[in-house]
Amino acid sequence: MSTDTYQSLLTHLANCDVSADIDVLLNALLTDKEQLDIANRIRIFDLLERGVTQREISEQLGVGIATVSRGAKAMQNHDVSDLLMTHRKR
């Protein structure tokens with residue numbers, strides 16, 4: 001992956017001041033499945049933080065236990081607290 005290209009994407013997203021612009025871009029970049037996978041990752045973070053077990057999350061979201069485990073590992077390695085605050089405000 002070209003980090004320059006990824007950085008240009010991050011810069012573009014940071015400069016978007018209207019959520020509709022971000023929506024258009026993400027719809028162009030991501031398949032429906034990729035969008036669902038990202039949404040599920042956020043749900044996994046939220047449910048894990050609320051104390052729901054990995055098995056319950058797997059059943060509730062209809063994803064494999066490995067998917068939930070990857071989400072749990074990502075949470076250990078990255079601070080997602082701001083994302084979760086935004087998610088819970090909706």
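At 8% relative accessibility, Asn 40 lies below the 20% limit and therefore counts as buried. This residue of the predicted model is found in helix 3. Setting aside residues up to four places away in sequence, Asn 40 touches Leu 61 and Val 63. Asn 40 makes a convenient entry point, and the description now widens from this one residue to the chain around it.

The chain holds 6 helices and 0 strands. Read from the N terminus, its elements follow the order α-α-α-α-α-α. The C-alpha trace spans about 35 × 30 × 25 Å along its principal axes. Of the 90 residues, 20% count as buried. Among contacts between residues at least 6 apart in sequence, 42% join residues at least 24 apart.

Where do the nonpolar residues of the largest core come from? This core has 8 residues in all: Ile 44, Leu 47, Leu 48, Ile 57, Leu 61, Val 63, Val 68 and Ala 72. At least two of them are supplied by each of helix 3, helix 4 (54-61) and helix 5. Helix 3 gives the largest share, with 3 residues. A general tendency is worth recalling here: in soluble globular proteins, nonpolar side chains tend to be buried together.

Val 68 offers a closer view of the core, to which it belongs. Leaving out neighbours within four places in sequence, Val 68 is in contact with Ile 44, Leu 48, Gln 54, Ile 57, Ser 58 and Val 63. Both Leu 61 and Val 63, the residues touched by Asn 40, are members of the core as well.

The three helices that supply the core can next be taken in pairs. Helix 3 and helix 4 pack with their axes 10 Å apart, at an angle of about 145°. The crossing of helix 3 past helix 4 is right-handed. On the side of helix 3, the contact is made by Asn 40, Arg 43, Ile 44, Leu 47 and Leu 48, and on the side of helix 4 by Gln 54, Ile 57, Gln 60 and Leu 61. Sorted by class, the residues of this contact are 5 nonpolar, 3 polar and 1 charged. Asn 40 thus reappears here, as part of the contact between helix 3 and helix 4.

How are helix 3 and helix 5 oriented to each other? The axes of helix 3 (residues 32-49) and helix 5 (residues 65-77) come within 9 Å and cross at roughly 70°. Because angles of 65 to 115 degrees count as roughly perpendicular, helix 3 is roughly perpendicular to helix 5. Helix 3 takes part in this contact through Arg 41, Ile 44, Phe 45, Leu 48 and Glu 49, which meet Thr 67, Val 68, Arg 70, Gly 71, Ala 72, Ala 74 and Met 75 in helix 5. The contact has 7 nonpolar, 2 polar and 3 charged residues. Ile 44 and Leu 48 take part in the contact with helix 5, and Ile 44 and Leu 48 also belong to the contact with helix 4.

Helix 4 and helix 5 form the remaining pair to be described. Their axes are 9 Å apart and the packing angle is about 120°, so helix 4 and helix 5 are oblique to each other. Helix 4 passes helix 5 in a right-handed crossing. Here Gln 54, Arg 55, Ile 57 and Ser 58 in helix 4 meet Ile 65, Val 68, Ser 69 and Ala 72 in helix 5. By class, this contact has 4 nonpolar, 3 polar and 1 charged residues.

A few residues of the first and last helices complete the picture. Ser 8 sits in helix 1 and, at 44% relative accessibility, counts as partly exposed. From C-alpha to C-alpha, Ser 8 and Leu 29 are 14 Å apart in space, with their positions 21 residues apart in sequence. Asn 15 also has its place in helix 1 (residues 3-15). Is Asn 15 buried or exposed? With 59% relative accessibility, Asn 15 counts as exposed. Lys 89, in helix 6 (residues 81-89), counts as exposed too, at 72% relative accessibility. Asn 15 and Lys 89 are 74 residues apart in sequence, and their C-alpha atoms are 22 Å apart in space. For Lys 89 and Val 18, the separation is 71 residues in sequence and 18 Å in space, again from C-alpha to C-alpha.

Technical notes
Residues numbered from 1 in each chain as written. Predicted model: local features only at pLDDT ≥ 70, side-chain atom pairs only at ≥ 80, totals over all residues. Heavy atoms only, no water. Axes fitted to C-alpha atoms, helices over the stretch in contact; angles between N-to-C directions. Helix = DSSP H or I, 4+ residues; strand = E, 2+ residues; numbered from the N terminus. Parallel < 35°, antiparallel > 145°, perpendicular 65-115°, else oblique. Contact = heavy atoms within 4.5 Å. Nonpolar A, V, L, I, M, F, W, Y, C, P; charged D, E, K, R; others polar. Buried < 20%, exposed > 50% of the residue type's maximum accessible area, 1.4 Å probe, protein only. Core = buried A, V, L, I, M, F, W, Y, C linked by side-chain atoms within 4.5 Å. Left-handed = near helix turned anticlockwise from the far one by under 90°.
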